[in-house]
Amino acid sequence: MSVSSGLSGRYAKAIYELAEEKKILTKIVDDFIRLKELLMESHSLSNLIKSPAISKTDKQNSILKILNKAKAQDLSIKFFGTLANNGRLIIINEVIEDFLSEVSRINGEVKAEVTSSFALDQNQQKKVVSAISEATGIKKIILLTSVDKSLIGGLIVKIGSKMIDNSLKTKLNRLEIAMRGTN
């Protein structure tokens, strides 16, 4: 397992190994994804976790209530309860990311971040995944999309540390720079 070597990576490795041992990895992944989505949607939950004014016990009780209400696996509940008890909820997002990234890596999946000037529909997303797969030879691609209206047109694709910027905005900027050089 090659998750990041920091504190969040150690927690992610621990939950991964426990989930794998208990043969409930898929269920734990589902719990982590639901919690990640909840953290992104709920500013009040995010603020509760980050606030130094809220006690460790209150944070722990809150996260346990949320996970119980979501019918999370006992292992997930115990794990996040321990994270809270150790005063480590502040790194919850990093732990979730490290864990999900490692599961994806082991499954042979690669994340591709695609930024476009408008929201891509399902058909367009399938075409982008197909084009990326064809260009890279990677079969399992997880597409993460975002919109940046300033791009005007085209796409920016990031896979790991590689970036392909085929946006109209960048092409216009390059043209402007090239034209300045000819004067």
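A crossing of two helices is right-handed if the near helix is turned clockwise from the far one by less than a right angle, and left-handed if anticlockwise. Keep that in mind for the exercises below, which use a predicted model.

**Exercise 1.** Work out how H4 and H5 are oriented to each other, and give the handedness of their crossing.

*Solution.* Start with the axes: those of helix H4 (residues 56–69) and helix H5 (residues 74–85) come within 9 Å and cross at roughly 165°. Next, recall that angles over 145 degrees count as roughly antiparallel. H4 and H5 are therefore roughly antiparallel to each other. Finally, look at the turn: H4 passes H5 in a right-handed crossing.

**Exercise 2.** Do the same for H5 and H6.

*Solution.* The axes of H5 and helix H6 (residues 92–106) come within 12 Å, with a crossing angle of roughly 140°. That makes H5 and H6 oblique to each other. Their crossing is right-handed.

**Exercise 3.** Decide whether Leu67 is buried or exposed, and say how far it lies from Lys22 in space.

*Solution.* First find Leu67 in helix H4. Buried means under 20% relative accessible area. Leu67 has a relative accessible area of 4%, so Leu67 is buried. Then go from C-alpha to C-alpha: Leu67 and Lys22 are 19 Å apart in space and 45 residues apart in sequence.

**Exercise 4.** Locate Leu175 and name the nonpolar surface patch it helps to make.

*Solution.* Leu175 sits in helix H8 (residues 168–182). With a relative accessible area of 46%, Leu175 is partly exposed. Together with Ile152, Leu168, Leu172 and Met179, Leu175 makes a nonpolar surface patch of about 470 Å².

Note on methods
Residues numbered from 1 in each chain as written. Predicted model: local features only at pLDDT ≥ 70, side-chain atom pairs only at ≥ 80, totals over all residues. Heavy atoms only, no water. Patch = residues over 30% accessible without salt bridge, like charges linked within 9 Å, V, L, I, M, F, W, Y side chains within 5 Å. Areas by Shrake-Rupley, 256 points an atom, 1.4 Å probe, with all protein chains shown as cover. Salt bridge = Lys/Arg side-chain N within 4 Å of Asp/Glu carboxyl O. Helix = DSSP H or I, 4+ residues; strand = E, 2+ residues; numbered from the N terminus. Buried < 20%, exposed > 50% of the residue type's maximum accessible area, 1.4 Å probe, protein only. Axes fitted to C-alpha atoms, helices over the stretch in contact; angles between N-to-C directions. Parallel < 35°, antiparallel > 145°, perpendicular 65-115°, else oblique.
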